[in-house]
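This report describes one helix and the nonpolar core it contributes to. The sequence and model are shown first.

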Amino acid sequence: MEPIQNFNPYLPANHQIIPAREGGKGQIQSPGTAPNIIWQTRSRLPDEYEVALIAALETLFDSGIETLEQIISTLNQKHVFDRQGQPWNEASFREFLQVNGY
């Protein structure tokens, strides 16, 4: 039995937002023989920074914060800044999410 992986090694390296128009070379699999990949949408493990940001976001969502404005404001108040140590703004937060495929 193959060990369970924490990411999907079959995902492409780029995070293409718009699907390609041409068909890809897929794999035809027999039922019951394909590996069950738990983490279907991530191509790598999150790094330490991402794990800390995810934990902070989970705490915010648990407290009822929902809007982008509230999220950014609270992250900045808690000193959970971007990778360069700068306070978040709407553009930088959206860019982070898009670049990292979230």
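## Helix α1

α1 has 15 residues and spans 21 Å from its first C-alpha to its last, close to the 21 Å expected at 1.5 Å a residue, where the expected span is 1.5 Å times one less than the number of residues. Helices are DSSP runs of H or I with at least four residues, numbered from the N terminus. The model is predicted: local features need pLDDT of at least 70, side-chain atom pairs count only at pLDDT 80 or more, and totals for chains, interfaces and linings use all residues. Residues are numbered from 1 along each chain as its sequence is written, and side-chain values use heavy atoms, without hydrogens and water.

At the start of α1, a side-chain oxygen of Asp47 comes to within 3.1 Å of the backbone nitrogen of Tyr49. Gly64, with a positive phi near 100°, follows α1.

## Buried and exposed sides

The buried residues of α1 (under 20% relative accessible area, 1.4 Å probe, protein chains only) are Tyr49, Glu50, Leu53, Ala56, Leu57 and Leu60. They lie on the same side of α1 because they cover an arc of only 125° around the axis, taken from the directions from the axis to the C-beta atoms. On the other side, Glu48 and Asp62 are exposed (over 50%). The cover over the buried residues includes α2 and α3, with contact meaning heavy atoms within 4.5 Å.

## The nonpolar core

The largest nonpolar core (buried Ala, Val, Leu, Ile, Met, Phe, Trp, Tyr and Cys residues joined through side-chain atoms within 4.5 Å) has 13 residues. Two or more residues each come from α1, α2 (68-77) and α3 (90-99), and α1 gives the largest share, five residues.

Technical notes: Polar contact = N/O pair within 3.5 Å; in protein donor to acceptor, adjacent residues only side chain to side chain.
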